[in-house]
Amino acid sequence: MIIKKIVCILSFCFFSLSLFANSDINKVLDTFHQAAASANQKLYLNLLDEQAVFLGTDGEERWTKKQFIEFVTPYFSQGRGWLYKPRQRNITLIQTDIKGERLAFFDELLDSKNYGECRGSGVLRLTPQGWRILQYNLSIPVPNAIADDVVHKIKQHHQQQTLPKN
């Protein structure tokens, strides 16, 4: 009976810690999107880990934090941002074998005025300053029913890019 109580108490504690962490992670991701919408460069970039990588919707968009700063600065300095509204989010907490390191994986469905439905996914790391985004991957989910057409158009685009210019 005592073992059952201990297991119940430990389960409750773990569940409570998970809820608390999920709440913090949701707040980080919501703040990340809101900071982008209001072109708040300092807040937006502060939520990225120093080793962060941002993957954009174009296959060539892979930026380190330093490169991403260079990309967003011209937009944010003009007060231009972008809004992605989360409508569904899943978070998975991971305890690594590295002493005390905690990671969280997430995926979220987003709505964008310009791009319609998008998906954000990535990894956060718990740092002494709180959760920071280690990787963010923004993509546009393609319905299977039109995937062949989209793949064909992408192939055409890449072929046109490699053609010699007269």
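Strand S1, which spans residues 48-55, is joined to S2 by 3 bridges, and the two strands run antiparallel. The model in which this pairing is found is a predicted one. Between S1 and S2 lie 6 residues, and the two strands form a hairpin. Within this pair, Val53 stands opposite Thr64 in S2. Helix H3, formed by residues 65-77, packs on the sheet and touches both S1 and S2; the direction of H3 makes about 105° with that of S2.

S1 also pairs with strand S6 (residues 130-139), here in the parallel sense and over 4 bridges. Val53 takes part in this pairing as well, standing opposite Gln135 in S6. Val53 of S1 thus faces Thr64 in S2 and Gln135 in S6. Of the 8 residues of S1, 6 are buried, so this strand is largely enclosed by the rest of the structure. The term buried is applied here to residues with under 20% relative accessible area.

The remaining pairings involve strands that follow later in the sequence. S5 pairs with S6 in the antiparallel sense, over 9 bridges, and a hairpin of 2 residues joins S5 to S6. In this pairing, Arg125 has Arg132 in S6 as its bridge partner. Strand S5, comprising residues 116-127, is also paired with strand S4 (residues 102-112); this pairing is antiparallel and extends over 10 bridges. S4 and S5 likewise form a hairpin, with 3 residues between them. Phe105 stands opposite Val123 in S5.

Taken together, 6 strands form an open sheet with mixed pairing, in the order S2-S1-S6-S5-S4-S3. The edges are occupied by strand S2 (62-64) and strand S3 (84-95); each has a single partner strand, so one side of each is left without a neighbour in the sheet. On average, neighbouring strands of this sheet are turned by 15° against each other, direction ignored. In a regular strand, side chains alternate between the two faces of the sheet.

At the level of the whole protein chain, 4 helices accompany the 6 strands. Along the sequence these elements follow the pattern α-α-β-β-α-β-β-β-β-α. The protein chain has 166 residues, of which 30% are buried. Among contacts with a separation of 6 or more, 48% are accounted for by residues 24 or more positions apart. The protein chain exposes about 11,600 Å², and carbon and sulfur atoms supply 56% of this area.

The analysis of empty space was directed at pockets. Rolling a probe the size of a water molecule over the atoms shows where empty space is left. The largest pocket holds about 530 Å³ of space. This pocket is lined by 23 residues, and those closest to its centre are Phe71, Trp82, Tyr84, Tyr115 and Leu138. Helix H1 (2-37), H3 and S6 are the elements that give two or more residues to the lining of the largest pocket. H3 therefore appears in two settings: H3 packs on the sheet, in touch with S1 and S2, and H3 gives two or more residues to the lining of the largest pocket. S6 is likewise a contributor to that lining, in addition to pairing with S1 in the parallel sense and with S5 in the antiparallel sense.

Terms used: Residues numbered from 1 in each chain as written. Predicted model: local features only at pLDDT ≥ 70, side-chain atom pairs only at ≥ 80, totals over all residues. Heavy atoms only, no water. Buried < 20%, exposed > 50% of the residue type's maximum accessible area, 1.4 Å probe, protein only. Contact = heavy atoms within 4.5 Å. Areas by Shrake-Rupley, 256 points an atom, 1.4 Å probe, with all protein chains shown as cover. Pairing = 2+ DSSP bridges. Axes fitted to C-alpha atoms, helices over the stretch in contact; angles between N-to-C directions. 1 Å grid on protein atoms, 1.4 Å probe; cavity = no way out; pocket = protein on both sides within 12 Å on 5 of 7 lines; lining within 4 Å. Points joined across faces, edges and corners; volume = space filled by probe spheres on them.
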